[in-house]
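Trainee: I have a new model open and do not know where to begin. Can you take me through some features, one by one?

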Amino acid sequence: MAAIGNRGTVTEASGFNAEQDVQKLREAMKGAGTNEAALTEVLARRTIAQRQRIKEAYKQSVGKDLADDLSSELSGNFRSVVLGLLMLAPVYDAYELKSAIKGAGTEEACLIDILASRSNEEIRTITAFYKKEHGKTLEDDVCGDTSGMFQRVLVSLLTAGRDEGNKVDDAQAVLDAKDIFEAGEARWGTDEVKFLTVLCVRNTSHLLKVFDEYKKISGREIEESIKREMSGCLEDVFLAIVKCIRSKPAFFAERLYKSMKGLGTTDSVLIRIMVARAEIDMLDIKAEFKKMYGKTLYSFIKGAQDLRLV
């Protein structure tokens with residue numbers, strides 16, 4: 001019943017009792033209105049594993065699905081957050097990916113956020129659940145909704161084949177840096193496949209060395225060259241991969257900041273990151289946010305429906 005990470009803001013509730021929590025939730029849903037504060041007090045302070053126990057106990061004592069009852073009681077962003085909290089991590093990722101793909105347009109940012117930041121095992125679990133739930137492979141759906149080199153990068157990430165060791169081959173790192181430089185800054189046009197081959201395959205430690213070597217060769221950070229050489233979704237996905245290699249918490253801190261700055265809030269991004277990372281590395285995301293922007297994440301989210309996940 002342990003938490004899924006050790007740097008989350010949501011940790012196991014002590015003295016946990018699923019039956020008591022069921023009673024609190026039932027009380028919160030009684031009558032004409034819904035006591036959202038009471039729902040928050042229970043669901044935002046339990047781990048994913050504990051919420052699964054609550055779901056089981058609810059079905060046992062009420063004979064109905066907790067998610068179905070909450071779905072009919074709630075609406076808007078609060079409903080989205082609560083339903084997300086009730087899902088297992090890979091189930092939530094698969095649900096978000098399906099939501100990003102279905103319908104008229106595609107939310108490319110969702111595909112990028114999830115596929116660029118998850119481990120091989122996480123991607124394999126997501127794709128297995130996706131196939132079981134929807135009868136089609138995630139790769140087929142992604143290919144049906146995207147095109148060109150952006151599609152090829154996503155397919156490469158979906159193979160879950162990145163080297164996850166920590167061996168650094170210094171000579172190969174120099175070659176990789178040269179290959180990327182010659183595929184981009186050193187020529188007219190860009191050979192994006194070279195970027196894909198290095199950025200989607202090599203392990204984190206090796207890539208950090210490649211980035212150092214690249215700066216020596218080109219005089220620029222690799223992020224700067226990607227911005228100069230590419231545009232649109234392809235630029236976004238390669239930048240996301242590089243930023244996740246450097247620091248996932250910093251990547252998510254930036255995504256949260258951009259989702260809230262300016263006019264309005266990109267609620268889907270805010271909710272997705274808060275729900276998905278609350279139990280994994282939200283403590284580190286908060287620290288990076290403060291370091292990068294000089295304000296607390298809490299102060300930015302205040303007023304949005306954050307469900308106390310920070």
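Mentor: Start with helix packing. The buried residues of H12 pack against H10, H11, helix H13 (204-218), H14 and H15. Keep in mind that this is a predicted model.

Trainee: Which residues of H12 are buried?

Mentor: They are Phe195, Leu196, Val198 and Leu199.

Trainee: How do I read a pair of helices, say H11 and H12? At what angle do their axes cross?

Mentor: Look at the axes and at the angle between them. Helix H11 covers residues 170-183, and helix H12 covers residues 192-199. Their axes come within 8 Å and cross at roughly 155°. An angle over 145 degrees counts as roughly antiparallel. H11 and H12 are therefore roughly antiparallel to each other. Their crossing is left-handed.

Trainee: Which residues make the contact between H11 and H12?

Mentor: H11 supplies Asp176, Asp179, Ile180 and Ala183. H12 supplies Lys194, Phe195 and Val198. Sorted by class, the contact has 4 nonpolar, no polar and 3 charged residues. Phe195 and Val198 are also among the buried residues of H12.

Trainee: Now another helix. How many residues of H7 are buried?

Mentor: For burial, count residue by residue. Helix H7 spans residues 108-115, and 6 of its 8 residues are buried. That makes H7 mostly covered. The buried ones are Cys110, Leu111, Ile112, Asp113, Ile114 and Leu115.

Trainee: What covers the buried residues of H7?

Mentor: The cover includes H6, helix H8 (120-134) and helix H10 (148-158). It also includes helix H15 (232-246), helix H16 (248-260) and helix H17 (267-277).

Trainee: What leads into H7? Where is threonine 106?

Mentor: Threonine 106 is in the loop between H6 and H7. A loop residue can still be checked for burial in the usual way. Threonine 106 has a relative accessible area of 18%, so it is buried; the cut-off is under 20%. Leaving out residues up to four places away in sequence, threonine 106 touches Ala100, Ile101, Leu111 and Asp145. Leu111 is one of the buried residues of H7. Aspartate 145 is 39 residues from threonine 106 in sequence, yet their C-alpha atoms are 6.9 Å apart.

Trainee: So sequence separation and distance in space are two readings. Which residue pairs with alanine 89 in that way?

Mentor: Alanine 276 does. The two are 187 residues apart along the chain, with 6.7 Å between their C-alpha atoms. Alanine 89 is in helix H6, residues 89-101. Its relative accessibility is 28%, so alanine 89 counts as partly exposed.

Trainee: And threonine 40: buried or exposed?

Mentor: Threonine 40 is buried, at 9% relative accessible area. It sits in helix H2, residues 36-43. Its C-alpha is 8.3 Å from that of valine 82, which is 42 residues away along the chain.

Trainee: What does serine 225 contact beyond its sequence neighbours?

Mentor: Set aside residues within four places in sequence. Serine 225 is then in contact with Glu185, Tyr214 and Arg220. Serine 225 lies in helix H14, residues 222-229. With 1% relative accessibility, it counts as buried.

Trainee: What about backbone angles? What is phi of alanine 160?

Mentor: Check the sign of phi and the residue type together. Phi of alanine 160 is near 55°, a positive value in a residue other than glycine. Alanine 160 lies in the loop between H10 and H11. It counts as buried, at 6% relative accessibility.

Trainee: Last, the cysteines. How many disulfides does the structure hold?

Mentor: A disulfide is a covalent bond between the sulfur atoms of two cysteines. This structure holds 0 disulfides.

Trainee: Why is cysteine 200 not bonded to cysteine 244?

Mentor: Compare the sulfur distance with the cut-off. A disulfide needs the sulfur atoms within 2.5 Å. The sulfur of cysteine 244 is the closest cysteine sulfur to that of cysteine 200, but it is 12 Å away, too far for a bond. Cysteine 200 is buried at 4% relative accessibility, and cysteine 244 is buried at 8%.

Trainee: And where is cysteine 143?

Mentor: Cysteine 143 is in helix H9, residues 138-145. It is partly exposed, with a relative accessible area of 30%. Beyond neighbours within four places in sequence, cysteine 143 is in contact with Gln151 and Val155. The C-alpha atoms of cysteine 143 and valine 155 are separated by 7.8 Å.

Terms used: Residues are numbered from 1 along each chain as its sequence is written. This is a predicted model: local features need pLDDT of at least 70, side-chain atom pairs count only at pLDDT 80 or more; totals for chains, interfaces and linings use all residues. Side-chain values use heavy atoms; hydrogens and water are left out. Buried means under 20% relative accessible area, exposed over 50%, partly exposed in between (1.4 Å probe, protein chains only). Axes are lines fitted to C-alpha atoms, for helices over the stretch in contact, and angles run from 0 to 180 degrees between N-to-C directions. Helices (H or I, at least four residues) and strands (E, at least two) are DSSP runs, numbered from the N terminus. Angles under 35 degrees count as roughly parallel, over 145 as roughly antiparallel, 65 to 115 as roughly perpendicular and the rest as oblique. A crossing is left-handed if the near helix is turned anticlockwise from the far one by less than a right angle, and right-handed if clockwise. Contact means heavy atoms within 4.5 Å. Ala, Val, Leu, Ile, Met, Phe, Trp, Tyr, Cys and Pro count as nonpolar, Asp, Glu, Lys and Arg as charged, and the others, Gly among them, as polar.
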